[in-house]
Amino acid sequence: MPDGKQIIIYSWNGSFRNWDLETGTQVGEQWADKDRGVKTMVLSPDGKKVASGSFDGAVKLWSVETGKVITTWTGHTKGVRCVCWSSDGGRVVSGFKDGTFRVRNVESGRTILGPINTGEYMWAVCYSPDAKMIATGGNGLKIWDANSGELLKSFEGKFSCLAWTLDGKTLFAGGSGITKIDTATWIVLDLCENYVNAISVSPNERILTSTSFVDTTAQLWNLDTNQPIGTPLHYPDYVMSATFSADGQFLVTSCFDSHIYTWDVF
């Protein structure tokens with residue numbers, strides 16, 4: 001949440017819950033997706049809505065305050081793998097299992113871009129902070145003009161997660177390693193060659209975290225030196241996701257053992 005004190009989680013049983021990061025307790029009542037088909041979810045920039053993507057191809061917008069569905073966007077034949085808000089909260093881009101993505105205007109619900117065929121199986125989609133570019137990841141990494149849909153740049157590799165720095169100058173792509181890309185020059189730096197399934201950049205842009213299915217760990221990286229910080233954080237099972245709190249104090253990770261883990265970064 002924008003206040004840095006709470007986080008919204010989704011569980012495989014179809015429930016959404018709001019948790020207090022300091023006390024580890026649930027805040028308010030949970031709400032549920034009766035279809036239990038949510039594959040991915042992301043909070044809006046203002047913290048008032050959640051966009052979720054489902055296995056049946058639906059994209060839903062939820063009210064955080066009421067726990068009710070605001071609107072449902074349908075018309076897709078394949079499951080939604082990834083969703084992302086534009087920084088102003090006015091648009092949502094969604095990526096689909098069939099390799100296409102589309103952008104919708106949140107207020108009207110109209111498709112304003114796409115569907116655009118990336119030509120590859122999609123795992124991740126991410127707006128640049130200025131909302132001028134969209135990055136898609138899967139069996140390759142591609143950068144698109146967010147207004148025209150023009151392909152600007154492409155990279156080979158396997159990519160399952162994406163994260164931009166707030167100034168938009170650097171894009172991180174994780175998958176069969178971690179790739180750091182200067183978006184002005186498109187110069188590429190490989191930080192590691194180990195498989196990662198989730199990445200997140202801290203609000204001060206000095207730390208990157210990565211998680212790995214393979215060795216059930218999370219690793220912090222110093223972005224000034226591009227080197228690991230200390231030893232990996234170990235888990236009893238697969239690490240599913242990772243994100244920093246809005247103030248950067250906490251790293252929050254979810255594990256396949258049905259637990260949420262909160263780490264004090266400083």
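The protein chain in this predicted model has zero helices and 26 strands. So what does a chain built that way look like overall? Its C-alpha trace spans about 45 × 45 × 30 Å along the principal axes. A compact globule with 266 residues would have a radius of gyration near 18 Å, and this chain comes in at 17 Å, so the two agree. As for what is tucked away, 53% of the 266 residues count as buried.

**One sheet up close**

Let's pick out a group of strands. Four of them make an open sheet, lined up as β8-β9-β10-β11, with antiparallel pairing. Which strands stand at the edges? They are β8 (80-85) and β11 (111-117); each has a single partner strand, so one side of each is left without a neighbour in the sheet. Going from one strand to the next, the twist averages 15°.

You can zoom in on one of those pairings too. Strand β10, which covers residues 100-105, pairs with β11 in the antiparallel sense over four bridges. If you look for Phe101, you'll find that its bridge partner in β11 is Ile116.

**A lone salt bridge**

Side chains of opposite charge can pair when their charged atoms come close. How many salt bridges does a search of the whole structure find? Just one. The side chains involved belong to Arg206 and Asp224, and the N to O distance is 3.1 Å. This pair ties together distant parts of the chain, 18 residues apart: Arg206 lies in the loop between β20 and β21 (207-212), while Asp224 lies in the loop between β22 (217-222) and β23 (227-234).

**A nonpolar patch on the surface**

Over on the surface, there is a nonpolar patch of about 760 Å². Its members are Trp12, Phe55, Tyr195, Phe213, Val214, Tyr238 and Phe256. Take Tyr195 as an example: you'll find this residue in the loop between β19 (188-192) and β20 (198-201).

**Buried or exposed?**

Here is how Tyr195 and the two salt-bridge residues are classed by relative accessibility.

| Residue | Relative accessibility | Class |
|---|---|---|
| Tyr195 | 33% | partly exposed |
| Arg206 | 48% | partly exposed |
| Asp224 | 52% | exposed |

Why does Asp224 count as exposed? The cut-off for exposed is over 50%, and Asp224 has 52% relative accessibility. Arg206, its salt-bridge partner, has 48% and therefore counts as partly exposed.

Technical notes: Residues numbered from 1 in each chain as written. Predicted model: local features only at pLDDT ≥ 70, side-chain atom pairs only at ≥ 80, totals over all residues. Heavy atoms only, no water. Patch = residues over 30% accessible without salt bridge, like charges linked within 9 Å, V, L, I, M, F, W, Y side chains within 5 Å. Areas by Shrake-Rupley, 256 points an atom, 1.4 Å probe, with all protein chains shown as cover. Salt bridge = Lys/Arg side-chain N within 4 Å of Asp/Glu carboxyl O. Helix = DSSP H or I, 4+ residues; strand = E, 2+ residues; numbered from the N terminus. Buried < 20%, exposed > 50% of the residue type's maximum accessible area, 1.4 Å probe, protein only. Pairing = 2+ DSSP bridges. Axes fitted to C-alpha atoms, helices over the stretch in contact; angles between N-to-C directions. Rg over C-alpha atoms; globule rule 2.2 N^0.38 Å.
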